[in-house]
Amino acid sequence: MKRILYDLAGADAKFRFSPYCWRIKMALAHKNLPYETVAWRFTDKEAIAFSGQGMVPVLVDGANVVADSQKIAEYLEVNYPNEASLFGDPPSRALTQFIRAWAEQVLHPAIARVVLPDIFFHRLHENDKAYFRDTRERAWGMRIEDFRAGRAEYVAAMEAALAPLRTTLGLQNFIAGSSPSYADHIVFGALQWARMASSTALFKEDDRIVDWMKAVLSTYGL
Ligand SMILES: N[C@@H](CCC(=O)N[C@@H](CS)C(=O)NCC(=O)O)C(=O)O
């Protein structure tokens, strides 16, 4: 049975930078499920029209098509019950919703302010540039160029947003405790996006956050 993940790519098809796709790549690794990826770009709407919507990640798991990272995570949990749980027990599953809300409402916007110009000027495929500029400038009410001027301030704000993660990783190995779960995958996805897309190093190699990211990857032999 073929398992295929549509995964956001830049001009370089190997540059895979979507935080939501990274969550699912970690979730698939956690469940020990092999898969292939298809490089997808923002304007390739036709290529995923079969999923009934226009965003990635999209997972094609044999005959099943699932879009939206949360739906995919829940699908994997239900359909692969014999593999390690993504969420843990019911209270942990409920707490993961808070991590998700924090990641999407606080961390993602803080990272986006730093990396939007890097993505636009250095990473995107030419075909995606007009669409990306139009959608992002409308969403933010700001020109992409204007994010550059505020970079130092945005990096500082991103670092401030990361304080709760630093506190947590000072107390324990992973967000979920002694081993990673989907809560870790969510935050890992955000920081993988940040590190890959940024034109400057956002963290030193010996940073606790980088250590944790390496530990998440090495848990899955990655
Ligand atoms: N709620 C969705 C969000 C996914 C999402 O925002 N994906 C972005 C890539 S990171 C996308 O495909 N954007 C397409 C677009 O902006 O047209 C999920 O959790 O999967």
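Where is the place of Arg 136? I started my notebook with that one, and the answer is helix α4. A reminder to myself before going on: this is a predicted model.

**Entry 1: Arg 136**

I stayed with Arg 136 for a moment. I looked up its exposure and found a relative accessibility of 25%, so Arg 136 counts as partly exposed, since that class begins where buried, under 20%, ends. Next I took a distance along the chain and through space: Arg 136 and Ala 112 are 24 residues apart in sequence, and their C-alpha atoms are 10.0 Å apart. Then I turned to the side chain, where a polar atom of Arg 136 lies 3.1 Å from an oxygen atom of the ligand.

**Entry 2: the ligand and its shell**

That contact led me to the ligand itself. On its own the ligand exposes 520 Å², and the protein buries 83% of that area. I also checked the pockets: the largest pocket is the space that the ligand takes. Which elements give two or more residues to the shell around the ligand? I noted α1 (19-30) and α4 (126-140).

I counted through the shell by residue class and wrote down 9 nonpolar, 3 polar and 3 charged residues. Of the 15 residues around the ligand, the ones that come nearest are Lys 45, Val 56, Asp 68, Ser 69 and Tyr 131.

Two of these names came up again when I looked at polar atoms. Lys 45 places a polar side-chain atom 2.6 Å from an oxygen atom of the ligand. Val 56 uses its backbone instead: a polar backbone atom there is 2.8 Å from a nitrogen atom of the ligand.

**Entry 3: the bond after Val 56**

Is the peptide bond from Val 56 to Pro 57 cis or trans? I read an omega near 10°, and the bond is cis. I made a margin note that most peptide bonds are trans. As for its place, Pro 57 is in the loop between β2 (36-40) and β3 (58-61).

**Entry 4: two positive phi values**

Another margin note belongs here: most residues other than glycine have a negative phi. I wrote down two residues with a positive value.

Asn 32 is one of them, with phi near 60°. I found Asn 32 in the loop between α1 and β2. Is Asn 32 buried or exposed? Its relative accessible area is 60%, so I logged Asn 32 as exposed, the cut-off being over 50%.

Asp 68 also has a positive phi, about 90°, and is not a glycine. I traced Asp 68 to the loop between β4 (64-67) and α2 (69-79). With 38% relative accessibility, Asp 68 counts as partly exposed. I had met Asp 68 before, among the residues that come nearest to the ligand.

**Entry 5: three buried residues**

I went to Leu 5 next, in strand β1 (residues 3-8). Leu 5 has a relative accessible area of 0% and therefore goes down as buried, the limit being under 20%. I then looked across to Val 58: the two residues are 53 apart along the chain, and 5.8 Å separates their C-alpha atoms.

Val 187 was my next stop, in helix α8 (residues 182-197). I noted a relative accessible area of 1%, so Val 187 is buried as well. Between the C-alpha atoms of Val 187 and Arg 100 I noted 8.0 Å, with their positions 87 residues apart along the chain counted as the separation.

My last residue took me back to helix α4, where Asp 128 lies. Is Asp 128 buried or exposed? Asp 128 has 0% relative accessibility, so I wrote buried. How far are the C-alpha atoms of Asp 128 and Glu 74 separated, and what is the spacing along the chain? I have 30 Å for the C-alpha atoms and 54 residues along the chain.

How values were computed: Residues numbered from 1 in each chain as written. Predicted model: local features only at pLDDT ≥ 70, side-chain atom pairs only at ≥ 80, totals over all residues. Heavy atoms only, no water. Near = heavy atom within 4 Å. Polar contact = N/O pair within 3.5 Å; in protein donor to acceptor, adjacent residues only side chain to side chain. Areas by Shrake-Rupley, 256 points an atom, 1.4 Å probe, with all protein chains shown as cover. 1 Å grid on protein atoms, 1.4 Å probe; cavity = no way out; pocket = protein on both sides within 12 Å on 5 of 7 lines; lining within 4 Å. Sits in = over half its atoms within 2 Å of the grid points. Helix = DSSP H or I, 4+ residues; strand = E, 2+ residues; numbered from the N terminus. Nonpolar A, V, L, I, M, F, W, Y, C, P; charged D, E, K, R; others polar. Buried < 20%, exposed > 50% of the residue type's maximum accessible area, 1.4 Å probe, protein only.
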